[in-house]
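Colleague: I am new to this structure and would love a close look at a single part of it. Could you walk me through the place where the two chains meet?

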Amino acid sequence: MNDVTQPSRRQLLTLIGRMGGAAAMYQAMTALGHAAETQFTGPPVLSGAKPGASVVVLGAGLAGMVAAYELEKAGYSVKILEFQDRPGGRNYSLRGGDSFTESDGTVQKVTFAPGNYVNPGPWRIPHHHKCLLHYCRQFGVALEPFIQLNHNGFIHSSDAFGGKPMRYREVAVDFKGHTSELLAKALGAGALDQSVTAEDKEKLLEALRNWGLLDANMAYTSSVHVSSQRGYDRPPGGGINGAPTPSQIAKLSDVFSPQVWTAMSFYFNYVMQTTMFQPVGGMDMIGKAFAKHVGKSITYNAKVTKVAQNGKGVTVSYQDVPSGKVNTVSADWCVCTIPLSIIRQVEMQVGPKLAAAMKAVPYAGHIKMGLEFKRRFWEEDDAIYGGHSFTDQAIGQLSYPNDRFFSNGPAVLLGAFTSGAGAFQLAGMTPAERIEAALKQGEVFHPQYRKEYLSGVSVPWTRVPWILGCTSRWSEENRAAHYQNLVALDGRVVLAGEHASYYGGWMEGSMLSGLDAIAQIHKRASAA
Amino acid sequence: MRRGLLLLPPLAMLALPFIASAQDMPGSMQAKNNTAEGGKIFKEICAACHLPDARGTGAIPALAKDANLADPAYPIGVLAKGKGAMPPMDDILTPAQMAAVITYVRTNFGNAYPQPVTEADVKRLGKP
Ligand SMILES: Cc1cc2nc3c(=O)[nH]c(=O)nc-3n(C[C@H](O)[C@H](O)[C@H](O)COP(=O)(O)OP(=O)(O)OC[C@H]3O[C@@H](n4cnc5c(N)ncnc54)[C@H](O)[C@@H]3O)c2cc1C
């Protein structure tokens, strides 16, 4: 091969990048099968840091720690101030022996058996979150599959199927079947002749027959054929009674319950598609891995109260939480990753545009609950291995553990994961009332609940003292008015965190924003 | 987005998860909270953040003895449009429910603004 006429893919991309700018480059990379998933193309290369240049990072979540890690690698001198007594921020796990104090002072003690845990915040990682996966690989964080789509999980709606939980498999196949029959009828009656050619009509009818499992009359009816997707009353076996008997399809009006298509369309979300991962042993393995590298730069129990800046540098005041003593740290630059939901507690000396942006972003309020049971009855009795069951009750959903399948002894399932009205309702209760509600509502799926229950913990994010919310909730109007102002370097201070990204509510967004923040600082510092 | 939804029957407008945003979210659709009584709505929605006695916490303001409540336009605007970290409540509460809970808070927790807030007030003052 002559490499003058055949440029390597990399050479080609460099060329396109030079000629057409970043947008053309990005498009070209997508066409060549690169990029698309995330904007991450590798850790930043920050060469030529000025000797002695310093940065103070506020918050030891993933945004703060990835920024600190790459800055130190580039030769900056870094200090991190963290309000809590641990690294990771929202990236954390609760285990037996831990306790959780709510903003009103209520304390919950976790009594799970050794090895059991709940991830109150982040819990699943899409396969395309390449930045996060890059650091997991680099730091040796072991990952295992997060079972996302489980066809054997349940769907429950109070006003459909007589209030009885159905398997996801059954309702999804029925939804597909009934809609196919209706569309086939409309086509047959000529109702769509204005919209499809005769040839496409034939193709579509053929598709509907096969896709919807329709019978010879183009109707969706109970049969062994349909049961090969939705499951049987008596499954296929061996010998004398080997022949299967079909299950009965559900009524059309039940199948059109919003709970059915909500679940089906949920799994189509780009961020919810398989394959997904979780760290072995708890989500906080990621935060801990970062802390192994930047931990010596972190001051814990340091509550930042003020960020002042002038042309020369930044001075941050913080309170040592146990003693109440106020200290200051000075540096050339500052990366602030404190969540916007509580930033008004910090006196920030920044320009009016950034100040307005910091006030503009609302936060969602999710709640999660971990319930420990004596045994894995969902596996042993119901053949559910990981994945979810969905309900229209306040608890929102159950999610089953994705690790240590078939093991004996106590196991923890996620007994609630909900936002909106359901989350507020549960958050407003005492911890004991929340557990009672979770047991009562979860019993709809698993009558074994009461008998097998051991203990539980609830984490309502609106009452987590160091954030008072869950994740940022940008609207299109807010994006247009404030996003660029929020993420731009303001003098010597730059914000980072999931709120400073278009991947809000994901660890990937926190980290991409942390990397962008330090790229901005490095550029300005190198220009000075 | 919201305008498009108006074409659907009311059922579909309610309790949608935040489909527009990409954040990690539950995969279920919640039943509508039909509570009509102001005190109950306060307990089931507002107390999550403002606490059952409305004293607030940290960056979340108290609603007890709150002079901002004197003019109904203020609480209506906050509920309908959100403010700071507080999200808009229009996807959770109907105008009638907002009116009921505002009336409740304006006459409890050391607040004494007896004039009731009506559904019509909310519709008029809570417009985007
Ligand atoms: C319920 C829930 C589910 C989620 N699910 C997923 C998921 O499945 N997958 C996924 O990728 N992401 C998920 N996320 C999002 C993910 O957790 C966040 O995007 C990410 O962890 C945020 O990192 P951060 O560094 O931006 O902020 P944080 O981790 O919040 O870090 C901010 C830090 O600042 C500290 N701080 C606060 N105030 C002060 C102060 N005054 N002085 C000093 N320090 C202070 C805090 O203690 C904290 O450590 C979920 C989040 C929640 C809440």
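Modeller: Happy to; here is a tour of the interface, with a short look at its surroundings at the end.

A word on the ground rules: this is a predicted model, so local features need pLDDT of at least 70 and side-chain atom pairs count only at pLDDT 80 or more, while totals for chains, interfaces and linings use all residues. Residues are numbered from 1 along each chain as its sequence is written, chains are lettered from A and ligands numbered from 1 in the order in which they are written, and side-chain values use heavy atoms, with hydrogens and water left out.

Chain A brings 49 residues to the contact and chain B brings 34 residues (contact means heavy atoms within 4.5 Å). Between them, about 3,500 Å² is buried, and carbon and sulfur atoms give 58% of that; buried area is the accessible area (1.4 Å probe) that two parts lose on being put together, summed over both. On the side of chain A, the residues that lose the most area to chain B are A:Ala421, A:Phe424 and A:Arg473, together 19% of what that side buries.

Polar links cross here too. The interface has 17 residue pairs in polar contact, both residues at pLDDT 80 or more (a pair of N or O atoms within 3.5 Å; within protein, one must be able to donate a hydrogen and the other to accept it, and residues adjacent in sequence count only if both atoms are side-chain atoms). Several elements of chain A each supply at least two residues to this side, among them helix 8 (258-266), strand 23 (411-418) and helix 12 (420-427); helices (H or I, at least four residues) and strands (E, at least two) are DSSP runs, numbered from the N terminus. By type, the residues of chain A that touch chain B are 20 nonpolar, 22 polar and 7 charged, where Ala, Val, Leu, Ile, Met, Phe, Trp, Tyr, Cys and Pro count as nonpolar, Asp, Glu, Lys and Arg as charged, and the others, Gly among them, as polar.

Side chains of opposite charge can pair when their charged atoms come close. The two chains share 2 salt bridges (a side-chain nitrogen of Lys or Arg within 4 Å of a carboxyl oxygen of Asp or Glu), and the whole structure has 27 over all chains. One joins A:Arg124 to B:Asp24, with the closest N and O atoms 2.7 Å apart. A:Arg124 sits in the loop between strand 6 (117-118) and strand 7 (125-126) of chain A, and B:Asp24 in the loop between helix 2 (10-13) and helix 3 (38-50) of chain B.

As for the surroundings, the end C-alpha atoms of residues 62-518 of chain A lie 14 Å apart.
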